[in-house]
Every structure is written in structure tokens, then in C-alpha cells.
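Here's a quick briefing to read with the model open beside you. Have a look at the fold first, then work through the points below.

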Amino acid sequence: MFIDDIERKWVYDGLVIESLPAGMFWVRLDNGNKVLGYISGKIRRSFIRILPGDRVAIEISPYDPTKGRIIYRISNTDSNDS
């Protein structure tokens, strides 16, 4: 976890555990918390696919720690994808 000093957001790494409609996902954070994550516009514009089992970086506001914005899909090094 680190804190983005400019916007005062918390950034965590987590694992996508369930896919929901409209680009929303349940994400299990590394600290064990479960949050509702939605895809950021940059990921949506770039057509980056996020599936259950993917590792992601999620940005969470201190005002509502139950929701967050998925800002990065962490590449899986042990897969055979190109």
C-alpha cells in the first residue's frame, strides 16, 4: 500500500474474485478486505481485459473504503500469454 500525496488516495494490490456487469468487480485486497472495484477510464479506453484471477492495483478513497477504481492490471509472470 502507498498513499498518493496529490489526491489523498490509498493504492492497494488485490486479486479479482468475481466479475459483475458494467465493468465492476469484487476485489480481495492483500490485507484481506473485500472491495467493489470499477474500471478506470484509461483501462476502458485501452480495451484491457480484466478477468477473475487477475492481479490489479486499486485506488481507494479514504471517504468510502468499500469502493475503489481499478487503475492497473498487474501482468502475470507465470502464464503463457504473449
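In which sense do E4 and E6 pair, parallel or antiparallel, and over how many bridges? They pair in the parallel sense, over 4 bridges. Keep in mind that this is a predicted model, with a mean pLDDT of 88 for the protein.

**Overall picture**
- The protein has 1 helix and 6 strands, and along the sequence they come in the pattern β-β-β-β-α-β-β.
- Of its 82 residues, 29% count as buried.
- Take the contacts between residues at least 6 apart in sequence: 45% of them join residues at least 24 apart.

**How far to trust it**
- 85% of the residues reach a pLDDT of 70 or more.
- Confidence bottoms out in strand E1 (residues 2-4), where the mean is 58.
- Strand E3 sits at the other end of the scale, with the highest mean, 98.

**The E3/E4 hairpin**
- E3 (residues 24-29) is joined to strand E4 (residues 34-39) by 5 bridges, and the two run antiparallel.
- Together they make a hairpin with 4 residues between them. Gly32, in the turn, has a positive phi of about 100 degrees.
- Met24 lies in E3 and stands opposite Tyr38 in E4. The two are 14 residues apart in sequence, yet their C-alpha atoms are 4.4 Å apart in space.
- Leaving out residues up to four places away in sequence, Met24 touches Glu18, Ser19, Leu36, Gly37 and Tyr38.
- Is Met24 buried, exposed or partly exposed? With a relative accessible area of 28%, Met24 is partly exposed, because that value falls between the 20% limit for buried and the 50% limit for exposed.
- Lys34 lies over the face of Trp26, at 4.9 Å from the ring centre.
- If you're hunting for aromatic pairs, the structure holds 0 of them.

**E5 and its partners**
- Strand E5 (residues 55-60) pairs with strand E2 (residues 9-20) in the antiparallel sense, over 6 bridges. Here Asp13 stands opposite Ala57 in E5.
- E5 is also joined to strand E6 (residues 67-74) by 6 bridges, again running antiparallel. Ile58 has Ile70 as its bridge partner in E6.
- E5 and E6 form a hairpin with 6 residues between them.
- Why call E5 largely enclosed by the rest of the structure? Because 5 of its 6 residues are buried.

**Glu59, worth a click**
- Glu59 is found in E5. Its relative accessible area is 10%, so it counts as buried, the cut-off being under 20%.
- The side chains of Glu59 and Arg69 are joined by a polar contact of 2.3 Å.

**Back to E4 and E6**
- Besides its antiparallel link to E5, E6 pairs with E4 in the parallel sense.
- To find that pairing on screen, start from Leu36, whose bridge partner in E6 is Lys67. Leu36 is also among the residues that Met24 touches.

How values were computed. Residues are numbered from 1 along each chain as its sequence is written. This is a predicted model: local features need pLDDT of at least 70, side-chain atom pairs count only at pLDDT 80 or more; totals for chains, interfaces and linings use all residues. Side-chain values use heavy atoms; hydrogens and water are left out. Buried means under 20% relative accessible area, exposed over 50%, partly exposed in between (1.4 Å probe, protein chains only). A polar contact is a pair of N or O atoms within 3.5 Å; within protein, one must be able to donate a hydrogen and the other to accept it, and residues adjacent in sequence count only if both atoms are side-chain atoms. Rings of Phe, Tyr and Trp (its six-membered ring) pair if their centres lie within 6.5 Å; planes under 30 degrees apart count as stacked, over 60 as edge-to-face and the rest as tilted. A charge sits over a ring if NZ of Lys or CZ of Arg is within 6 Å of the ring centre and within 35 degrees of the ring normal. Contact means heavy atoms within 4.5 Å. Two strands pair if DSSP finds at least two bridges between them. pLDDT is the predictor's confidence in each residue, from 0 to 100.
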